Amino acid sequence: MTASIPRLPLRDELFLLGHDDDTGHLHVHRQALALGLAGAVLIDLYLAGRVSLDLNDEARAAGHQRIHPYIDRPVGDLIADAAAATIRNAHPLLRVWLRGFSDDLYDRTRAGLVAGGILRQHTRRRLGGLMRADTYLPTDSKWAVIARSRLRYLAAGREQPDNHTAALAGLVADLSLTHHLYLDDDTPALTTRLKAVAAQHYRSVRDITAAVDAAVGDLATAAYRELRLRPPRRSP
């Protein structure tokens with residue numbers, strides 16, 4: 001059905017699925033999506049044979065493996081090649097690398113999609129032109145529809161998952177984006193099916209998605225602690 005249409009990088013598909021097609025609004029916290037995008041970039045590098053991970057074991061928490069360069073050859077994608085450059089000499093810890101590389105990755109991914117003609121910037125002015133609001137909307141809904149369709153076929157058992165789509169399934173499930181796929185009324189059951197698909201593929205890809213999940217959990221914990229430490233407002 002989609003063989004004639006070029007496949008987007010994993011991060012681009014995840015970015016599109018992380019937003020409402022009609023409004024451009026985020027479905028999840030921006031930092032959480034950025035961590036997912038970093039995981040997607042690393043998974044694409046792993047599937048392209050450019051990096052490897054230490055073998056994980058039960059005694060090592062998620063994300064505490066090191067990332068190593070495997071084949072030092074450009075991928076031909078600006079963001080992926082920038083990611084490979086940060087790994088080349090540093091051999092960083094997975095979880096540390098995800099946090100660092102995700103820092104401005106949301107903006108870079110969006111800029112790449114705009115440059116590629118997949119997103120278009122829309123500007124609205126309010127309050128007599130004093131306030132400007134920028135929205136980024138797809139130029140064609142086919143990209144998100146194709147990604148959702150592949151996940152639908154996987155969840156229904158109608159297609160054998162390839163490595164790219166299995167990784168997308170794992171990231172979507174871990175970022176709690178399943179509800180926004182509009183595939184099934186039973187979101188918990190669909191999430192379980194997508195995670196089961198992802199669990200059948202490369203161990204290193206599973207380790208990356210687990211590290212993303214752990215890093216997103218750290219974000220939620222930090223936000224909760226900040227709320228608890230914030231002094232209560234005084235009544236006027």
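Helices here are DSSP runs of H or I with at least four residues, strands are runs of E with at least two, and both are numbered from the N terminus. What you're looking at is a predicted model, where local features need pLDDT of at least 70, side-chain atom pairs count only at pLDDT 80 or more, and totals for chains, interfaces and linings use all residues. Residues are numbered from 1 along each chain as its sequence is written, and side-chain values use heavy atoms, with hydrogens and water left out.

Let's start with a loop. His 91 sits between helix H3 (78-88) and helix H4 (94-101), and its phi is positive, about 45 degrees, although it isn't a glycine. Most residues other than glycine have a negative phi. His 91 counts as partly exposed because its relative accessibility is 30% (buried means under 20% relative accessible area, exposed over 50%, partly exposed in between, with a 1.4 Å probe and protein chains only).

Ser 176 is another non-glycine with a positive phi, about 60 degrees. Look for Ser 176 in the loop between helix H7 (163-174) and helix H8 (187-198). With a relative accessible area of 54%, Ser 176 is exposed.

Now for the pockets. Rolling a probe the size of a water molecule over the atoms shows where empty space is left. On a 1 Å grid over the protein atoms alone, a pocket is an open set of points with protein on both sides within 12 Å along at least five of seven lines, and lining residues have an atom within 4 Å of a point. Grid points are joined across faces, edges and corners, and a volume is the space filled by probe spheres set on the points.

The largest pocket comes out at about 340 Å³. Its lining has 21 residues, with Thr 23, Gly 24, His 25, Thr 135 and Tyr 136 nearest the centre. Helix H1 (10-17), helix H5 (105-115), strand S3 (119-126) and strand S4 (131-138) each chip in at least two lining residues, and S4 has the largest share, with six. By class, that lining splits into nine nonpolar, six polar and six charged residues (Ala, Val, Leu, Ile, Met, Phe, Trp, Tyr, Cys and Pro are nonpolar, Asp, Glu, Lys and Arg charged, and the others, Gly among them, polar).

The second largest pocket has a volume of about 220 Å³. It is lined by 14 residues, and Gln 31, Leu 35, Arg 99, Ser 102 and Leu 219 are the closest to its centre. Helix H2 (30-47), H5 and helix H9 (203-229) each give at least two residues to this lining, with the largest share, four, coming from H2. Six of the lining residues are nonpolar, two polar and six charged.

Conventions
On a 1 Å grid over the protein atoms alone, a cavity is a set of points where a 1.4 Å probe fits but cannot get out, and a pocket is an open set with protein on both sides within 12 Å along at least five of seven lines; lining residues have an atom within 4 Å of a point.
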